[in-house]
Structure formats: structure tokens, C-alpha cells
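Grab a pencil and work through these exercises on helices and loops. Try each task yourself before you read its solution.

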Amino acid sequence: MPRKITYRDAIREALDEEIARDPMVVVMGEEVAQYNGAYKVTQGLWDKWGDKRLVDTPISEAGFIGMGVGASMLGVRPVMELMFWSFYTVAWDQIVNNAAMVRYMSGGKINCPIVIRGPANGGTSVGATHSHTPENIMASVPGMKCVVPSNAYDAKGLMKAAIRDNDPVMFMESTVLYGESWEVPSNDELPNGELFIPLGLADIKREGTDISLIAHGRAVITCLEAARILEEEHGISAEVVDVRSIRPLDEETILNSVAKTHRAIYVEEGKPFCGVGAQIAYSIQAQIFDELDAPVLRVNSLDAPAIYSPPLEAIQLPTADVVVAKALSIC
């Protein structure tokens with residue numbers, strides 16, 4: 001009988017297994033230890049591993065992210081929790097000028113194997129300063145990697161890969177998905193004894209022939225719902241491509257999908273101006289322009305700060321109905 005676990009439990013399992021595997025893995029952040037984390041991702045880990053592996057920090061993102069960056073340069077593999085990803089703004093210097101640049105600035109002599117993780121995006125009505133969608137910003141910085149899982153299976157496998165990576169990895173989790181469940185095999189059901197997904201590999205979540213719906217994070221769920229509606233109500237076969245890792249980006253899987261379907265829409269919760277979809281659309285038209293039967297379209301959140309009001313925020317975020325309408329305009 002396949003087991004189902006939540007998105008947050010999958011991330012916790014990955015942390016637990018990596019703490020057990022490598023004595024240099026340490027989890028740090030505000031209330032990650034005795035309080036078990038603001039979103040309970042680290043629940044039970046302090047009881048199991050104690051003060052030296054789960055470290056509570058002051059409410060100072062610049063301070064504790066800087067501490068993690070420094071520790072990583074000395075061989076520690078810190079996993080830093082931001083209570084909300086929106087708070088990256090006050091640790092910008094530590095993340096970009098230190099973590100991302102140190103390999104270049106040291107001539108390749110110093111690595112920074114740090115993971116910065118936490119809840120991102122909107123959907124929980126916590127307002128403009130707690131609902132940032134910064135993956136396009138982080139992915140634009142040379143020296144950093146950026147991962148945005150859309151389900152529990154990918155979240156566990158990608159987190160394990162992120163912790164073992166020698167570069168700083170920005171790991172963005174969907175607040176809305178924390179309580180959702182997916183089938184995730186236990187380690188004794190897997191050929192290699194663990195779930196591990198290398199960074200930089202996209203995944204086809206649904207096969208199709210008429211249009212490619214490409215997305216990352218929770219927008220993948222929106223695309224799967226749109227694909228169902230397109231097939232059942234309009235007879236259109238949509239392929240859903242989950243990018244999973246924005247940087248490194250698996251362009252080959254994306255381009256192969258679009259070359260098969262000849263139409264593409266990129267869907268994301270980020271803003272339209274300079275969004276991830278802008279980069280993907282450029283790559284498609286630059287490399288396989290002759291394969292396109294229609295312009296590459298995009299679906300984003302509305303270009304405004306996140307709204308507290310739940311019904312208004314629901315309108316602001318991408319919906320399956322909007323994706324369906326866009327698809328019908330080019331199919």
C-alpha cells in the first residue's frame with residue numbers, strides 16, 4: 001500500500017535523513033528547534049537531534065543568514081529557515097554579495113554549501129510583506145541555484161540534493177501546499193534506498209500533444225487542473241511540464257515538449273515584468289522558433305503587491321480558468 005505524506009512532512013524527512021547521514025548538516029533559524037518551526041516543518045527534530053543540530057537564532061535575518069554563510073565556508077552544511085521568504089530583503093547582502101559571490105571572489109578556493117529555505121508566494125492572505133515570490137530575483141544572480149518543488153515527492157528528493165550541493169541553493173516552498181499530501185515511497189521501497197532528485201531536471205507531470213503548459217511550484221497544480229478541463233470540455237490534449245529547478249534550468253525537456261506540441265504557455269505566481277516566464281519564452285523563440293504555431297503566452301499574478309483580502313487575493317493569483325482561456329486563444 002503506497003503511503004501518502006504531506007509536503008511539510010516530506011521536507012522534514014529529507015532534513016532528518018541528511019542530519020543522520022552527514023554530521024556537518026545543521027538546521028538554523030527563528031524557532032526551528034523547541035518551537036518546531038513556524039510552519040512545523042522541523043517538528044520533532046530538536047527532540048531527536050538536540051541543540052547542536054537544531055539551532056534557534058535571534059529575529060535578525062541579516063545576522064543568522066550571515067552566520068550560516070560563514071559557517072558554510074568552514075565546512076558546515078547549514079540549512080537556514082526564513083520564517084517567510086519575504087524576509088530575504090533584509091539579508092540581501094549576505095545572500096548575494098557573500099554566499100553567491102564567494103566562489104568567484106576566492107578564485108574557486110571557497111565553497112558556500114548553504115541551503116536557504118522557507119515558505120514563499122501568496123495564497124494564505126498574509127499581505128504584501130509576507131507573500132513575496134522572489135524566485136525570478138534569486139535565479140538571476142550568478143552563483144546561486146533556485147529550486148521550487150510542486151509536490152511532496154519532489155520536495156523530499158530535491159531537498160536532499162540541495163543539502164549535498166556545494167553552491168548556495170535557494171529552496172522555495174509553497175505555504176499553501178504544506179498540508180497537502182502525495183504518494184511518497186518509503187526508503188525501503190526504493191532501489192537505491194533513498195529518494196534523491198538531482199537539481200536541474202524538469203519533469204513531465206502529464207503527457208499531451210496539443211499545447212505545453214510549463215510551470216513551477218504551486219502553478220503546476222493549477223496547470224494540471226487546466227489540462228483536465230481542456231481535455232474534458234474542449235478535447236485539447238495539454239502536456240504539463242514541471243520545471244522544478246529554475247537554475248540550473250532543464251531547457252532540453254522544455255524545448256522537446258514545445259517541439260512536440262508547437263504551442264506553449266508559462267504559468268507562475270510571480271509578477272509578469274522580468275518574470276521566469278519571460279526567460280523561458282525567450283529561450284523557446286530563440287532556439288525553436290520554426291516549431292511554433294502560435295506566440296508563447298504567459299499567465300502571472302496581477303502586477304501589484306499581494307492583497308490581504310482572501311477573495312481579492314484569489315483573483316490576483318493565476319487560476320485554471322485563466323490558463324484555459326489563454327490556451328483556447330491559441331489552440
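The exercises below use a predicted model.

**Exercise 1. Check the span of H10, then work out which side of this helix is buried.**

Step 1. Start with the length: H10 runs over residues 276-288, so you have 13 residues to work with. The expected span at 1.5 Å a residue is 18 Å, and the distance from the first C-alpha to the last is close to that, at 18 Å.

Step 2. Now list the buried residues, using under 20% relative accessible area as the cut-off. For H10 you should get Val276, Gly277, Ile280, Ala281, Ser283, Ile284 and Ile288. They sit on the same side of H10, because the arc they cover around the axis is only 160°.

Step 3. Here's the idea to keep in mind: an α-helix has 3.6 residues a turn, so residues three or four places apart point the same way.

Step 4. Finally, look for what lies over the buried residues of H10. The cover includes helices H6 (135-139) and H9 (251-261), along with strands E10 (211-215), E12 (245-247), E13 (264-267) and E14 (297-299).

**Exercise 2. Describe how H9 packs against H10.**

Step 1. Two numbers come first: the angle is about 65°, and the axes are 11 Å apart.

Step 2. Then the handedness: H9 passes H10 in a right-handed crossing.

Step 3. Now find who touches whom. H9 brings Glu251, Ile254, Leu255, Val258 and Ala259, while H10 brings Ile280, Ser283, Ile284, Gln287 and Ile288.

**Exercise 3. Is H7 enclosed by the rest of the structure or not?**

Step 1. Check the helix itself. H7 covers residues 152-164, and its end C-alpha atoms are 19 Å apart, which agrees with the 18 Å that 13 residues should span.

Step 2. Count the buried residues: 11 of the 13 are buried, so H7 is largely enclosed by the rest of the structure. Among them are Asp154, Lys156 and Lys160, as well as Leu158, Met159 and Ile163.

**Exercise 4. Which words describe the orientation of H3 to H4, and of H8 to H12?**

Step 1. Take H3 (residues 61-73) and H4 (residues 92-100): their angle is about 15°, with the axes 9 Å apart. That makes H3 roughly parallel to H4. The crossing is right-handed.

Step 2. In this pair, Ala62, Ile65, Gly66, Val69 and Met73 of H3 meet Gln94, Ile95, Asn98 and Ala99 of H4.

Step 3. Move on to H8 (residues 219-234) and H12 (residues 320-330), which pack at about 55° with their axes 8 Å apart. H8 and H12 are therefore oblique to each other. H8 also passes H12 in a right-handed crossing.

Step 4. The contact includes Ala226, Ile229 and Leu230 from H8, and Val323, Val324 and Leu328 from H12.

**Exercise 5. Where are Pro248, Glu31 and His262, and what stands out in their backbone?**

Step 1. Pro248 lies in the loop between E12 and H9. The peptide bond that leads to it from Arg247 is cis, with omega near 5°.

Step 2. Glu31 is in the loop between E2 (25-29) and H2 (45-49). Its phi is near 60°, a positive value in a residue other than glycine. With a relative accessible area of 38%, Glu31 is partly exposed.

Step 3. His262 sits in the loop between H9 and E13. Phi of His262 is positive too, near 70°. His262 is partly exposed, at 24% relative accessible area.

How values were computed:
Residues are numbered from 1 along each chain as its sequence is written. This is a predicted model: local features need pLDDT of at least 70, side-chain atom pairs count only at pLDDT 80 or more; totals for chains, interfaces and linings use all residues. Side-chain values use heavy atoms; hydrogens and water are left out. Helices (H or I, at least four residues) and strands (E, at least two) are DSSP runs, numbered from the N terminus. The expected span of a helix is 1.5 Å times one less than its number of residues. Buried means under 20% relative accessible area, exposed over 50%, partly exposed in between (1.4 Å probe, protein chains only). The arc is that of the directions from the helix axis to the C-beta atoms. Contact means heavy atoms within 4.5 Å. Axes are lines fitted to C-alpha atoms, for helices over the stretch in contact, and angles run from 0 to 180 degrees between N-to-C directions. Angles under 35 degrees count as roughly parallel, over 145 as roughly antiparallel, 65 to 115 as roughly perpendicular and the rest as oblique. A crossing is left-handed if the near helix is turned anticlockwise from the far one by less than a right angle, and right-handed if clockwise.
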